[in-house]
Amino acid sequence: MEFPKPLVPTNPLSSLSNFIHQNCVRLGSELSCRLDDTKRLATTLAGRLQRHTLPPFASLSQPKQAVAATLTTDYVAKTLVGTAVYTVSNSNNEFVLISDPNGAKSIGLLCFRQEDAEAFLAQVRLRKRELRGQAKVVPITLDQVYMLKVEGIAFRFLPDPVQIKNALELKAADISTGFDGVPVFQSDLLVVKKKNKRYCPVYFQKEDIEKELSKFRASRGSGVSQHIMVGSLEDVLKKMEMSEKNSGWEDLIFIPPGKSHSQHIQEVAKV
């Protein structure tokens, strides 16, 4: 499949913050019957900058003897293989870009839920008449997004508001303060070894890691603690980029939503 190109000559939306605000209010309304605070959370998220703090992933806390070389761009990208996000492209298969909150540059909006990308598409068609019959929602994998970012293409993620709420609950944080970045979940109980390689699975959905931990508890006994740690995708990737080999960060592998870590690791090991 041909994925969208990074450039587009026109800017169909006047403001990133306005679009995310309007879209997330709609998302919060749809979820209000089961997530009372999602609307307020998503609206708060709209104007916040992403901070870069190290996620407290316990399985990475023990230092190892480091060598000089850091993890390569290709290596980091491969850890993201298999996970799709959604954006809007035009008839030339080019990204439809929007303005950042300051209007200084154009960026691509990447949604973790297809329904959010469909809402983005509706905004594009409403505001840019020439794109009404040409724009479409397309998937792009995170490893490709990462390589485009390395080349200098700017993106902003729109996380799943359900996972934002899950992350804040795990952190015991006030939901009104919001969460910076895309939530990811990890447990040191799920670290595995396969063919002399260590894998530390990182999940995009709390429900997926809970399912895996339930299997682990069933095999080891109910007395095993089900501790889930939460961080942000942006923070983890930044730390991986700065880390040296044999630091433990090279063991991370991101598990696509809906998949088990054993299934995904088996598929990746075949490549």
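**Exercise 1.** Which residue in strand 5 is the bridge partner of Leu 110?

*Solution.* The model is predicted, so a caveat comes first. Local features need pLDDT of at least 70 in this predicted model, side-chain atom pairs count only at pLDDT 80 or more, and totals for chains, interfaces and linings use all residues. Residues are numbered from 1 along each chain as its sequence is written, and side-chain values use heavy atoms, with hydrogens and water left out.

Step 1. Strands (E, at least two residues) and helices (H or I, at least four) are DSSP runs numbered from the N terminus; two strands pair if DSSP finds at least two bridges between them.

Step 2. Strand 3 and strand 5 are paired in the parallel sense, over 4 bridges.

Step 3. Leu 110 has Phe 157 as its bridge partner in strand 5.

**Exercise 2.** Determine how strand 2 is joined to strand 3, and whether strand 3 is enclosed or not.

*Solution.* Step 1. Strand 2 and strand 3 run antiparallel and are joined by 3 bridges. Leu 97 has Gly 108 as its bridge partner in strand 3.

Step 2. Buried means under 20% relative accessible area, exposed over 50%, and partly exposed in between (1.4 Å probe, protein chains only).

Step 3. Strand 3 (residues 106-111) is largely enclosed by the rest of the structure, because 5 of its 6 residues are buried.

**Exercise 3.** Describe the aromatic pair formed by Phe 95 and Phe 155.

*Solution.* Step 1. Rings of Phe, Tyr and Trp (its six-membered ring) pair if their centres lie within 6.5 Å; planes under 30 degrees apart count as stacked, over 60 as edge-to-face and the rest as tilted.

Step 2. The structure holds 4 aromatic pairs. In one of them, Phe 95 and Phe 155 lie 5.6 Å apart, centre to centre, with 80° between the planes, an edge-to-face pair.

Step 3. This pair links distant parts of the chain, 60 residues apart: Phe 95 belongs to the loop between strand 1 (84-89) and strand 2 (97-99), and Phe 155 to strand 5 (residues 155-158).

Step 4. Phe 95 counts as buried because its relative accessibility is 1%.

**Exercise 4.** Establish the surroundings of Lys 206 in helix 7.

*Solution.* Step 1. Helix 7 spans residues 206-220 and contains Lys 206, which is buried at a relative accessible area of 14%.

Step 2. A polar contact (a pair of N or O atoms within 3.5 Å; within protein, one must be able to donate a hydrogen and the other to accept it, and residues adjacent in sequence count only if both atoms are side-chain atoms) joins the side chains of Lys 206 and Glu 210 at 2.5 Å.

Step 3. Contact means heavy atoms within 4.5 Å. Not counting residues up to four places away in sequence, Lys 206 touches Gln 163, Asn 166, Leu 170 and Phe 185.
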